[in-house]
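This report walks through parts of a protein model. Please look at the sequence and the structure shown below before reading on.

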Amino acid sequence: MTEKIKKRVLVVDDTESIRIVMVTFLKTAGYEVATASDGDECFLMVPSFQPDLILLDIMMPGIHGFDVLKQLKSDPNTSHIGIIICSAKDYIPEKYLAIQHSAFAYITKPFSHDELLAAVGEYFSISHTSITVSVPVAEKEQFAVSLDSRRPYIRFWGTRGSIPVSGAAYIRHGGNTPCLEINDGHSTVIIDAGTGIRELGLKLMSEPNQPLHLFIGHTHWDHIQGFPFFVPAHRQGTSLTVYGASGFGKDLRSIFSGQLDADYFPVQLHDLPSTIIFHEMKENPIVLDTLNMNWCYVHHQGATVGFKFALNGKVIVYITDNEFLKGYCGAPDVELIPPEKLALYSNLIQFISNADVMISESQYTNEEYAKKIGWGHTSLSNGCLLCKLGNVKRWVITHHDPMHTDEFLDNKLFLTRQILESIGYPIPVSDAVDGMTEYF
Ligand SMILES: [Zn+2]
Ligand SMILES: [Zn+2]
């Protein structure tokens with residue numbers, strides 16, 4: 001009686017538990033199996049066992065599995081033996097190297113009973129020259145999510161107060177003076193024409209020409225000094241409306257015209273080929289195509305206003321220059337502030353109340369503020385109290401002092417969180433930085 005000749009498979013793996021599992025699978029499927037625990041043992045086994053197929057691990061002590069593969073395939077006595085690499089290394093380069101050196105297949109550990117027997121069965125049933133390489137795939141279905149860039153957004157083009165700064169100490173926060181772009185998907189609205197507006201102008205030049213609305217919080221230098229370099233104003237076909245508050249000094253047109261006086265700049269306002277309309281705000285809100293801009297006088301020199309608008313249902317307040325609780329250097333506790341003093345700010349508190357995001361300043365630390373009372377800016381702890389009184393849900397701090405380096409602002413931000421916690425109002429707070437975009 002003759003027994004059907006079994007196919008012989010040599011399992012080469014340094015891990016005993018894996019060898020046991022593989023041997024069990026293979027024997028159950030009817031193969032004759034032998035094992036080796038490393039490359040040296042493999043070379044010893046091959047002449048005596050005469051395997052038809054070797055299942056070869058690669059990360060083994062002693063001779064690396066790829067060297068075993070190369071040696072077996074380059075020796076005319078063993079080159080006919082099929083080799084399937086069985087490895088935990090699930091990388092493309094390993095798989096291609098295996099192909100290059102004529103492995104029949106590459107299967108990745110951990111493999112199932114079915115995967116192992118399918119690879120072995122394939123070797124014995126089909127052409128021995130076929131190569132199968134499985135490309136690694138994610139274990140679970142990939143969670144695919146992409147940015148919806150059509151959503152309304154705001155972008156900070158300048159977040160520095162008073163004067164631009166540059167240099168290594170200011171790299172992370174940036175040095176451009178205030179400019180905020182608001183894009184609701186329909187109109188382009190800009191607040192402030194600090195030096196940040198120069199780069200915004202370059203971006204707008206690469207987009208379809210559309211009416212531009214520029215709101216000026218007040219006309220101190222840092223809020224208008226980028227205007228001469230706002231390229232869309234130098235383009236024929238641009239329609240630009242500049243909005244500002246009235247009630248102080250010169251009218252808006254005279255201020256911009258004066259800024260472009262021949263003593264200061266080579267191009268005068270009347271030379272600009274764009275159509276510029278100056279609009280002194282009387283009505284409130286200012287109604288644009290798809291956006292209503294509310295405004296409110298705030299506590300700063302001159303006719304200074306803050307703004308409020310909504311994007312995607314979220315109410316956003318933007319107030320760059322404002323001295324809340326002028327002269328008050330005490331603890332941020334409303335009980336300590338005389339009611340008649342607080343009453344001076346009731347319109348402001350009403351204006352910001354329940355804002356989803358307030359973008360505003362607290363330009364000075366408490367120590368700095370004590371020396372700069374009346375300069376038109378708020379102390380850190382007074383700024384925290386304003387958020388609490390307005391029930392603001394999130395605070396983004398802007399109009400950073402030119403003396404404050406990145407490191408200083410990091411510490412100041414941490415101190416802000418500490419104060420907000422201490423007054424029982426720990427809302428999220430962050431620093432605005434040049435180039436920062438927030439989608440709504
Ligand atoms: Zn300012
Ligand atoms: Zn100012």
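## Strands β10 and β11

Phe215 stands opposite Tyr243, a residue of β11. The model that shows this pair is predicted. Strand β11 covers residues 239-245, and 4 bridges join β10 to β11. The two strands run parallel.

Phe215 also has a partner in another strand: Ile191 stands opposite Phe215 in β10. Ile191 falls within strand β9, residues 188-191. Here too there are 4 bridges, joining β9 to β10 (residues 212-215), and these strands run parallel.

## The sheet as a whole

Which strands make up the sheet, and in what order? The order is β12-β11-β10-β9-β8-β7-β20, so named along an open sheet of 7 strands. The pairing in this sheet is mixed. At the edges are β12 (275-281) and β20 (437-439), each of which pairs on one side only. From one strand to the next, the twist averages 20°.

β12 pairs with β11 in the parallel sense, over 7 bridges. One of the partnerships involves Val242, whose bridge partner in β12 is Phe278. In a regular strand, side chains alternate between the two faces of the sheet.

## A helix across the sheet

Helix α6 is formed by residues 196-205. Which strands does α6 lie across? They are β7 (153-158), β8 (179-183) and β9. Relative to β7, helix α6 runs at about 130°.

## Two helices that pack together

Elsewhere in the chain, helix α1 (residues 16-28) packs with helix α5 (residues 113-125). The angle between these helices is about 60°, and their axes are 10 Å apart. Why are α1 and α5 called oblique to each other? Angles under 35 degrees count as roughly parallel and 65 to 115 as roughly perpendicular; an angle of about 60° is in neither range, and therefore α1 and α5 are oblique. The crossing of α1 past α5 is right-handed.

On the α1 side, the contact is made by Met22, Phe25 and Leu26. In α5, these meet His113, Leu116, Leu117 and Val120. By type, the residues of this contact divide into 6 nonpolar, 1 polar and no charged. His113 is the polar one, because His is not listed among the nonpolar or the charged residues.

## Domains

How is the protein chain divided? Domain 1 covers 8-133, and domain 2 covers 153-439. The C-alpha centres of domain 1 and domain 2 lie 69 Å apart.

Definitions and conventions
Residues numbered from 1 in each chain as written. Chains lettered and ligands numbered in written order. Predicted model: local features only at pLDDT ≥ 70, side-chain atom pairs only at ≥ 80, totals over all residues. Axes fitted to C-alpha atoms, helices over the stretch in contact; angles between N-to-C directions. Parallel < 35°, antiparallel > 145°, perpendicular 65-115°, else oblique. Left-handed = near helix turned anticlockwise from the far one by under 90°. Contact = placed C-beta atoms within 7 Å. Pairing = 2+ DSSP bridges. Domains from an automatic or database assignment.
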